[in-house]
Each structure stands twice: as structure tokens, then as C-alpha cells.
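Q: Could you take me on a close look at a single part of this model, starting from one strand pair and working outwards to what packs around it?

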Amino acid sequence: MTRLDTEIKKLSIPTPYAVGDVNVYVIKGEALTLVDAGPRTHEGKEILEKSLRDLGLLISDFDQIVLTHHHPDHAGGIDFFPEQAIVFGHAYNQRWLELTEEFRAELDQFYLNIGKELGVPEEKAASMNNYRGSGGYISKRTVQSYLKEGDEIPGLFGWQVIETPGHAQSHISLFRERDGVMIGGDHLLNKISPNPILEPPFSPDESRPEPLNQYNNSLRKWLEVPISLTLPGHGGDISETHELIRHNLARQHGRAMRVKQMLEERSQTGFEICKQLFPKVYHRELGLTISETVGQLDYLEGLGEIKKEDQNGIYMYSVHS
């Protein structure tokens, strides 16, 4: 646990995921607020309760919870809080928290379709759905009040919502202008590059989101904000936010140029590119590695560096001649 100032307290909660502990933040305003809630695990609840007791607080004391995004390591723990604690978040959280049978089927079909387009063998395509194994960690509660760009958090004077889609379509950040503090969720992390994850479109008549292009645009949005300190969802605080953003954008461009070099040799499917980019982990982390691969391909297409051709339902990517 780290004490930041008289208003914000950071608590680190263990998760069952490779990313490790997740940071949640206690903010004392007119309304006692928790930003993110950790995972829905027995250990997560124990550590959360102990950390709160160290601050003289109980779970039952909280008036509200604000979710930066729907991923289970951030949102699962809202189940631990009483019904009178209002859950705030972006509207796009809701379908992931409700996780209806209809949406489960939509997810399965989305990843099967993407897998086919990328040349993923049919028997592997189902494993692209990262949400399949998260059922035990997903909250049974949902968002009660929606937040959008420019909103001020009720009960937290001066905290404004910035929509930052990319890592998740539901992702928001919280900015306090008076001292430049940004609570960033998974939008920017100190030693990890957040993975922009493929998700189905919100409406069936929309094109699928391009998460890496969205993520880059959201990073550039932050460059327009006078941030003095970023409090992230994982790892240590970030004091040089704009410098890290520029570094990450340049590094990502370099990765994309490496993909372009692969395509200069011959036309390839997205799955073939994925196996070259992640030869040791693609078979066990197919959803994440495919998301990264598609992101780089979307980025290169947007720059006009590469093109894709539909060959019997499978996209072949090549460099523009």
C-alpha cells in the first residue's frame, strides 16, 4: 500500500493473471470512491479488506465505485460491495458484465470469423476468445450510471472523464486539472505495453473497431493534457507521462515496420505473421497475440504501407508495389 496524499490512496491487489497485482485507488471527496475494484477472488477480497482496514475503512463505507474498464482484474471485485455503492463506468462495460448467452454466442462467432479471415486453423480459433476462461472472475453486478467524455465524476469535484478506447472499448481515464493527476487504468503502464484487444463492434451494422489505431489516438489525446503524474492500473507511478507516450508510439511504429519487412518477402496471412512475431507464445496466448498482430496490420494499412486481398474468405497481406 502506498500513501499518495490526503485524498488518494493506492492499494495493490493480487490477481490470478500474469500481469500481477492491480492498483485500485481510494479517493475521499464528497463521496467516498474506489476507482477499480480488483478481481473477484477470495485472496483479492482479503487483501482489499485488510488494506482498507489499514486506512480505517470498510467495504461498506464506500458510496461509489468507478470502473476504468471491464476487464475482470479491474471490475470483478465490485461484487464485494453493497448494493448502495453505485457503480459508474462507460456504457460499453455493460455487455461484458452482463455476459448474456446472446453476447457469449456473438463473441464466439466474432472470433471464429476473425480467425477465418486471418487464416487461423478452425480448431484453434475458439481459443482466441480470452473471455472464455474468465467466468469465475467476472462480477455479477453491472454499471448503474454511465460516464462519457467530459463528465465530472459525481461526488468528486474536479475529476473529469477522458474516453481512452484501445486496450478496451470501455476504457476511460480520470483527470484532475488542478494538480495534473491522471488515474489511467491500463491505458499507460510503466514497464508493460498494454495490449489493444480485439472486440466485436457495439452494433452489428458497424465495422469492427481497430484497437491499436484507437489506442494510438487515445495516447495522442493525452499529449494534449497537462499531466503531472499518472497513477496506472498496474506497476509504479509515471512521472514523465508525455515522454513515455512518445517512446511507446515510436516503439510501436518500429514493430509495425518489422511486420512490413516480413511482407516484403511474400504475401502472408495474419496468422502467419502472428507466428513469426510470437513464436514461443502464440499457441497459448492466441487471443492476445492475434490482437497485437491485427493491430499492426491495421496500422500499416492506415498508413498505406500494405494492402489486403480477399482470397476465398482469407485475407492475404502484401506490401504496396
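A: Happy to. In this predicted model, strand 8 and strand 9 (residues 172-176) are paired in the antiparallel sense, with five bridges between them. A good residue to follow here is Val161, which sits in strand 8. Its bridge partner in strand 9 is Leu174. Val161 has a relative accessibility of 1%, and because buried means under 20%, Val161 counts as buried. Leaving aside neighbours within four places in sequence, Val161 is in contact with Ile172, Ser173 and Leu174, and also with Leu147, Lys148, Glu149, Gly150, Asp151 and Ile153. For a distance to check in your viewer, take Val161 and Arg176: they are 15 residues apart along the chain, and their C-alpha atoms are separated by 9.2 Å.

Now step back to the sheet. The pair belongs to an open sheet of four strands, ordered 8-9-10-11, and the pairing in this sheet is mixed. Strand 8 (159-163) and strand 11 (229-232) are the edge strands, each pairing on one side only. On average, neighbouring strands of this sheet are turned by 25 degrees against each other, direction ignored. Helix 6 (residues 211-223) lies across strand 8, strand 9, strand 10 (181-185) and strand 11, and runs at about 145 degrees to strand 8.

Helix 6 also leads us into the nonpolar interior. The largest nonpolar core has 46 residues, and Val120, Leu263 and Ile290 have the most contacts inside it. Helix 6 supplies at least two residues of this core, as do helix 4, helix 7, helix 8, helix 9 and strand 13. Helix 7 gives the most, with seven residues. Ile290, leaving aside neighbours within four places in sequence, is in contact with Leu118, Val120, Met128, Leu198, Phe271 and Cys274. Apart from this core lies another, of 24 residues, among them Leu32, Leu34, Ile59 and Leu97.

Two of the contacts of Ile290, Phe271 and Cys274, bring us to helix 8. In helix 8 (residues 270-277), the buried residues are Gly270, Phe271, Ile273, Cys274 and Leu277. Seen down the axis of helix 8, these buried residues fall within an arc of 160 degrees, so they line one face of the helix. The spacing makes sense: an α-helix has 3.6 residues a turn, so residues three or four places apart point the same way. The buried residues of helix 8 pack against helix 4 (101-118), helix 5 (122-125), helix 7 (241-265), helix 9 (286-303) and strand 13 (314-319).

Conventions. Residues are numbered from 1 along each chain as its sequence is written. This is a predicted model: local features need pLDDT of at least 70, side-chain atom pairs count only at pLDDT 80 or more; totals for chains, interfaces and linings use all residues. Side-chain values use heavy atoms; hydrogens and water are left out. Buried means under 20% relative accessible area, exposed over 50%, partly exposed in between (1.4 Å probe, protein chains only). The arc is that of the directions from the helix axis to the C-beta atoms. Contact means heavy atoms within 4.5 Å. Two strands pair if DSSP finds at least two bridges between them. Axes are lines fitted to C-alpha atoms, for helices over the stretch in contact, and angles run from 0 to 180 degrees between N-to-C directions. A nonpolar core is a set of buried Ala, Val, Leu, Ile, Met, Phe, Trp, Tyr and Cys residues joined through side-chain atoms within 4.5 Å.
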